[in-house]
Structure formats: C-alpha cells, structure tokens
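Reader: I'd like to go through this one with you and ask how each label is earned. Can you show me the model?

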Amino acid sequence: MSSTNSPASGVPAAEMPPPRVVEDLLGLVQLLSDGTVTRVQAPLVLPDEAPAPSADAPALVRWKDVVYDETYNLGLRVYVPSAEGKKFPVLVYFHGGGFCVGSFARPDYHAACLRLAAELPAVVLSADYRLAPEHRLPAALDDAESLFSWLRAQAAATTADPWLAESADFGRVFVSGDSAGANIAHHVAVRVGSGTLATAPARVAGCVLLYPYFGGERRTASEAACPADAFLTLPLYDQMWRLALPAGASRDHPLANPFGPDSPALDPTALPPVLVVAGDRDMLVDRIRDYVAWLNATGSKRAKLAEFAGQGHGFSVFEPDGEAAGELLRVVLRRFVHGGAAAPAS
C-alpha cells in the first residue's frame with residue numbers, strides 16, 4: 001500500500017509535465033519534482049492484529065495505543081508491566097529512521113519496547129511524530145513538546161489514563177530514543193534543562209541516547225571509513241539529512257549538529273544525567289564520542305558512554321533479542337534507570 005500527498009497547484013493537471021523522482025529513500029519514500037511524496041506502507045503491529053505471545057516472550061506486559069496530539073492525530077503506544085500496586089519509572093521513547101521513516105507500530109520497535117517494559121522494568125511510552133520530507137524539522141521536535149505537554153497533563157490530572165495513574169512514577173521520567181529519536185531526546189533534554197519546556201509535576205530524571213543521529217559538515221574519521229556494506233552509509237546519511245532539514249540548510253544546522261557554529265552554548269543548561277550508547281562499528285561512533293566529550297567539557301555534565309564492541313548502528317532494534325541488546329538492557333539501562341547512575345563503558 002502507498003500514500004501520496006500533493007501540494008496545491010494553480011496549473012491544470014493536464015498542462016503539468018509528468019513529475020520525476022528527485023529522491024528515492026530505500027524504496028520506502030519518494031520525493032517527486034512537483035513536491036509530491038509517495039510512501040510505501042511498512043508492515044505494522046496493530047492492537048487488534050497482534051499475535052499471541054510465545055512461551056519465551058515478555059508476556060507480563062499489557063499495551064495499548066493512545067492519541068497524544070489530536071491536531072495531527074499523533075499517537076503513542078503505552079507498555080505497562082503487569083504488577084498490581086507498583087509504580088515504575090517512565091521511559092519516553094522516540095523511534096529512529098532519519099526523521100523520514102519509522103513508527104512505534106513497526107514490528108522491531110514493538111518487540112524492543114515490549115522487552116524494555118518487561119525487563120527494565122518500566123512504563124514505556126513509544127511515540128510517533130510527523131515525518132519528513134512532508135514535515136521537515138523542526139516538526140518532530142514540536143511534536144515531542146506536544147507529547148510532554150500531554151505527559152505533564154497526565155501527571156497533574158486526577159482523571160489521568162488509568163494505566164498510567166496506577167503504574168507510572170512521574171517523578172522518574174527518562175527521555176530516550178534511538179538514532180533520530182535519540183536526537184529528539186537530546187533536544188528535549190536541552191529544552192527541559194534550559195527551562196523552555198515545562199514538565200512539572202513530572203520530572204525528567206535522565207536521558208538515554210541510543211546511537212544518536214547527529215550531523216555535521218566536517219566528516220569524522222569513522223564516517224570517512226564507513227564500509228559500503230554497513231546499514232547506515234554516508235550516501236544514506238546525507239540523503240536523510242537533505243530530506244529532513246529545512247530546505248537549503250546544511251548538516252551544521254543546530255537541530256543536526258548540537259555543537260555547530262550556530263548552535264546555542266550548553267554551558268548554562270542544567271541537563272539531567274545522560275547515558276549515551278554506541279556500537280564501535282557505527283559510522284557515527286566518532287561523532288558520538290565527541291558529543292559525550294563536549295557535553296562533559298561544558299561543566300558538570302554527567303554524561304557517560306557505553307560502547308559495544310562489534311556492533312553497528314541500530315543493533316538493539318534490528319536484533320532486540322540478541323546478546324548485545326540483552327546486555328544493554330540488563331547491565332547498562334537497568335542500572336541507569338533504577339540505580340540513578342550510568343553504567344561504565346563496556
């Protein structure tokens with residue numbers, strides 16, 4: 001199935017030349033010369049179509065979909081561990097996909113979030129947001145702010161969603177995501193820390209960035225050495241930034257490069273503890289290492305890097321049941337979320 005969105009035009013359709021493909025992103029998204037965007041609908045896991053859990057699956061998690069922004073019909077998937085009378089930390093999770101593709105309902109994200117909820121354990125709120133190129137940045141960041149407005153209202157309301165009222169500890173909220181979702185999580189944490197995004201009575205206790213997707217015009221050594229058979233390659237990286245950033249912007253735009261020439265200084269920003277995860281075979285690993293070093297150089301920033309040998313970009317999503325994903329969850333994330341401090345680098 002595909003969907004097409006066309007801009008309004010004053011030229012009669014019969015007089016317009018046939019559009020040509022300007023960008024083709026992995027066969028999933030095509031941007032045409034007339035501004036039309038065509039998408040191929042990826043398989044999704046929907047509440048009324050979900051298979052019964054297998055014997056070894058995390059069966060002690062209930063989940064449902066809710067709408068957090070009625071204006072744009074944006075939803076999130078709520079995962080709650082089944083334990084009566086117990087409050088769990090809240091993990092707000094933004095999916096990756098270069099700001100261009102992805103959904104909380106994609107099977108790999110659904111499986112990863114089920115495991116997070118069951119094994120951390122935590123209440124997981126896995127959110128969708130508007131995608132580029134139909135909705136270029138900062139649309140995704142605006143949607144993240146809308147989500148936190150919704151979360152704030154849930155924390156304050158006496159008539160909150162009953163699942164959250166029963167199980168969510170709004171005093172322990174962690175903003176997180178993978179790849180582009182980790183980029184979103186970074187900017188949310190900065191806005192919270194600078195006071196431009198209010199969350200009270202909810203409290204952001206930490207930030208978890210899984211292989212964050214940052215940009216920059218200067219190539220790092222790991223980017224220049226990226227093998228052609230990796231999932232995330234330089235041509236794909238450049239293409240997704242072209243599609244996601246405001247038209248004409250470079251990869252040094254503040255939403256791509258948090259330490260670029262036009263990016264605001266983070267010195268006065270009171271960031272929560274930050275855990276950053278990377279695989280040493282990710283082409284972004286040098287940029288990620290620099291990010292952690294820069295954060296810690298701005299003052300008393302409590303940023304820790306957990307690096308996984310032999311792993312590439314997206315390893316915990318592409319193989320949510322893999323050994324590295326299990327170690328990430330049990331040893332690193334659980335210690336950070338429940339212990340109050342990031343685990344040492346692995």
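**Cavities, a buried serine and a core**

Author: Sure, and keep in mind that this is a predicted model. Let's start with the second largest cavity, whose lining is made up of Leu 91, Tyr 93, Leu 116, Leu 120, Ser 176, Val 208, Leu 210 and Leu 333.

Reader: What makes these lining residues of the second largest cavity?

Author: A lining residue has an atom within 4 Å of a cavity point, and Leu 91, Tyr 93 and Ser 176 are among those listed for the second largest cavity. Two strands, β7 (88-94) and β10 (204-210), each give at least two residues to that lining.

Reader: How many of the residues lining the second largest cavity are nonpolar, polar or charged?

Author: Seven are nonpolar, one is polar and none is charged. The space inside comes to about 50 Å³.

Reader: And what is the volume of the largest cavity?

Author: About 130 Å³. The structure has two cavities of 30 Å³ or more.

Reader: Which helices supply at least two residues each to the lining of the largest cavity?

Author: α1 (107-119), α8 (315-318) and α9 (323-339), with α9 giving the largest share, four residues. The lining includes Tyr 93, Arg 115, Ser 316 and Pro 320.

Reader: Why is Arg 115 counted as charged there, and Pro 320 as nonpolar?

Author: Because Arg belongs to the charged class and Pro to the nonpolar one. Overall, the lining of the largest cavity splits into 10 nonpolar, one polar and one charged.

Reader: Where does UniProt place the "active site" feature?

Author: At Ser 179, according to an unreviewed UniProt entry. Ser 179 sits in the loop between β9 (168-178) and α4 (180-194).

Reader: Why is Ser 179 called buried?

Author: Because its relative accessible area is 7%, and buried means under 20%. So Ser 179 counts as buried.

Reader: Which residues does Ser 179 touch, leaving out those up to four places away in sequence?

Author: Gly 96, Leu 210, Tyr 211, Pro 212, Tyr 213 and His 313. Leu 210 also turns up in the linings of the largest cavity and the second largest cavity.

Reader: Which residues have the most contacts inside the largest nonpolar core?

Author: Phe 94, Phe 99, Leu 125 and Phe 148, in a core of 109 residues. Beyond four places in sequence, Phe 148 contacts Val 92, Phe 94, Val 173, Val 175, Val 188, Leu 197, Thr 199 and Val 204.

Reader: How do you know that Thr 199 is in contact with Phe 148?

Author: Contact means heavy atoms within 4.5 Å, and Thr 199 is on the list for Phe 148.

Methods
Residues are numbered from 1 along each chain as its sequence is written. This is a predicted model: local features need pLDDT of at least 70, side-chain atom pairs count only at pLDDT 80 or more; totals for chains, interfaces and linings use all residues. Side-chain values use heavy atoms; hydrogens and water are left out. A nonpolar core is a set of buried Ala, Val, Leu, Ile, Met, Phe, Trp, Tyr and Cys residues joined through side-chain atoms within 4.5 Å. Buried means under 20% relative accessible area, exposed over 50%, partly exposed in between (1.4 Å probe, protein chains only). On a 1 Å grid over the protein atoms alone, a cavity is a set of points where a 1.4 Å probe fits but cannot get out, and a pocket is an open set with protein on both sides within 12 Å along at least five of seven lines; lining residues have an atom within 4 Å of a point. Grid points are joined across faces, edges and corners, and a volume is the space filled by probe spheres set on the points. UniProt positions are given in the numbering used here, feature names are shortened, and annotations may be inferred rather than shown by experiment.
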